[in-house]
Amino acid sequence: MNSENFGLSEKIVSSSYVRQGLQARRGHEQLIRVLLEQGKCPEEAWDESTIELFLNELAVMDSNNFLGNCGVGEREGRVASSLVARRHYRLIHGIGRSGDIAAVQPKAAGSSLLNKIANSVVLDVLKFTGVRSASSCFVVPMATGMSLTLCFLTLRHRRPEARYILWPRIDQKSCFKSMATAGFEPVVIENVLEGDELRTNLQEVERKIEELGAKNILCVHSTTSCFAPRVPDRLEELAVLCAKHDIPHIVNNAYGVQSSKCMHLIQQGARVGRIDAFVQSLDKNFMVPVGGAIIAGFDEVFIKEISQIYPGRASASPSLDVLITLLSLGASGYKKLLSERKELYGHLAQELKALAERHGERLLHTPHNPISLAMSLNCLQAHSDKAVTQLGSMLFTRQVSGARVIPLGVEQTVSGHTFHGFMSHTDAYQCPYLNVASAIGITKDDVTLCMKRLEKCLKSLGKEVPVEKNDSTSPREGLEDQTVP
């Protein structure tokens, strides 16, 4: 209610009670005022009543919620189900206009304001998590793969002659398909093995630039967050190469916002060289439903170009979900989750290392990967190939989700390209292994249960598998005589 209505209320209810209510209302409004004024993630969490008040205030600004509205067009925000309307807080018009996903809609001032505030709050989060010089970003209602495709399609207008994308290999289908879907030819740069880690082959990247010609290369497509033993690309060195040869650089930062190391790499890459845009998932970093991503960068003009190439309006759901989540957590709550994730990474590593040693295996040494861990499965492989894949099945049926078992020699064709040793990021890694990750939202109970169930599975398989202590200095020992399928 406005002040006039509060004044009228005093004729009905005791004025002292009404004034208390007015003060309470002003407390909510003060939080909203600061958000609109600063456009930053509030330091402290909002309670649900403030969030709902804010969303309801936005909703009544949209034409579909006007009292007495007479809609005679083809897109009037009509919703048949009241359940669907409530699910979206009656913010039905979505975001953007037919020519620009970031544009303001005349029919939907509230939804447009929601979109602008969500983008501003998310940019603030990207800055305080490590990429301080990021200048612009927007939430796009597509997952990471299609969002990368949008970046590549935008670059097509800037580099019409280019047909190649240089891509340090990471075995994740959507990364590869994002390039093929955009109509470009991915040039796979095989990784180099350094100890247990798979790292960027900078010499091969530079050789390919010389071979193909810089003008024929659309961009370098690098990666931060990835499954061990693959580690984040050497972003600083790649950024320097891109600046040297005037080649755009797009970074797949899928779940890297939760890692200070990944965000630092992006910040440093932009400082010493060239990074045009970096893309991150909403669900993996902010614990919201799948379906959204953030495209961010250091040049507002280029980020605006990407938003303008998106055809038509778009769903406001990802923007709504991430804004509600960040208001619910506040900056302090989100930072706390990041700190807990980092702490549990160390705990998970210790527990996995101890379990591996009990079963004659070892924790692979991948210090440059801040999220994912890998444990060798040499003993299972020595018994049979089926034992390795069986472990994955056993874990899944025991409700251990997210653990990945990587056998040797898997072939997979993606968009016409055949990968050897698929899922291991190289043609022939030195051993089969198991992946687990310490991602945002993980709890100590998750780690405890995972280790307990993994122990049982290994013991069950171990009844038929001869366990021998591996020499940690010779990870290939015992594999030379095995046939790779």
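**Arg-398, strands 6 to 9, and two nonpolar cores**

Arg-398 sits in the loop between helix 15 (385-397) and strand 11 (404-406). Helices (H or I, at least four residues) and strands (E, at least two) are DSSP runs, numbered from the N terminus. Before going on, two sentences on the source. This is a predicted model, in which local features need pLDDT of at least 70 and side-chain atom pairs count only at pLDDT 80 or more, while totals for chains, interfaces and linings use all residues. Residues are numbered from 1 along each chain as its sequence is written, and side-chain values use heavy atoms, with hydrogens and water left out.

Back to Arg-398. Is Arg-398 buried or exposed? Neither label applies, because its relative accessible area is 38%, which makes Arg-398 partly exposed; buried means under 20% relative accessible area, exposed over 50%, and partly exposed in between, with a 1.4 Å probe and protein chains only. Leaving out residues up to four places away in sequence, Arg-398 touches Arg-453 and Cys-457, where contact means heavy atoms within 4.5 Å. A polar atom of the Arg-398 side chain also lies 3.1 Å from the backbone oxygen of Met-394. For such a polar contact, the pair is N or O atoms within 3.5 Å; within protein, one must be able to donate a hydrogen and the other to accept it, and residues adjacent in sequence count only if both atoms are side-chain atoms.

Arg-398 also appears in a record. UniProt, in an unreviewed entry, places the feature "binding site" at Arg-271, Arg-398 and Lys-463. UniProt positions are given in the numbering used here, feature names are shortened, and annotations may be inferred rather than shown by experiment. Of these, Arg-271 lies in helix 10 (residues 260-272). Arg-271 counts as exposed because its relative accessibility is 56%.

Next, the strands. Strand 6 (residues 217-223) is mostly covered, with seven of its seven residues buried. Which strands pair with strand 6 in the parallel sense? One is strand 2 (residues 164-168), over three bridges, and another is strand 7 (residues 249-252), over four bridges. Pairing requires that DSSP finds at least two bridges between the strands. On the strand 2 side, Leu-166 stands opposite Val-220 in strand 6. On the other, Thr-223 stands opposite Asn-252 in strand 7. Between strand 6 and strand 7 the chain passes through helix 9 (residues 235-245), and this β-α-β crossover is right-handed. Right-handed here means that, with the strands pointing away from the viewer, the path from the first strand over the helix to the second runs clockwise.

Strand 7 pairs in turn with strand 8 (residues 277-281), in the parallel sense, over three bridges. Val-251 is opposite Phe-278 in strand 8. The connection from strand 7 to strand 8 goes through helix 10, again as a right-handed β-α-β crossover. That is the helix that holds Arg-271. In strand 8, Ala-277, Val-279 and Ser-281 point one way, Phe-278 and Gln-280 point the other way, and all are buried. Strand 8 pairs with strand 9 (residues 293-297) in the antiparallel sense, over four bridges. There, Ala-293 is the bridge partner of Ser-281.

Now two buried polar residues. Asn-285 is in helix 11 (residues 282-286) and counts as buried because its relative accessibility is 0%. The Asn-285 side chain reaches the backbone nitrogen of Val-257 at 3.1 Å, and one of its polar atoms lies 3.4 Å from the backbone nitrogen of Gln-258. Ser-178, in helix 7 (residues 173-181), is buried because its relative accessible area is 2%. A polar atom of the Ser-178 side chain lies 2.6 Å from the backbone oxygen of Cys-175. Not counting residues up to four places away in sequence, Ser-178 touches Gly-145, Leu-148, Thr-149, Phe-152 and His-221.

Phe-152 leads to the cores. In soluble globular proteins, nonpolar side chains tend to be buried together. A nonpolar core here is a set of buried Ala, Val, Leu, Ile, Met, Phe, Trp, Tyr and Cys residues joined through side-chain atoms within 4.5 Å. The largest one has 84 residues, of which Phe-152 and Phe-286 touch the most other members. Helix 13 (residues 317-358) gives the most to this core, with nine residues. A separate core has 29 residues, including Leu-377, Val-388, Val-447 and Cys-450. Beyond four places in sequence, the contacts of Phe-152 include Ile-165, Met-179, Leu-218 and Ile-250.
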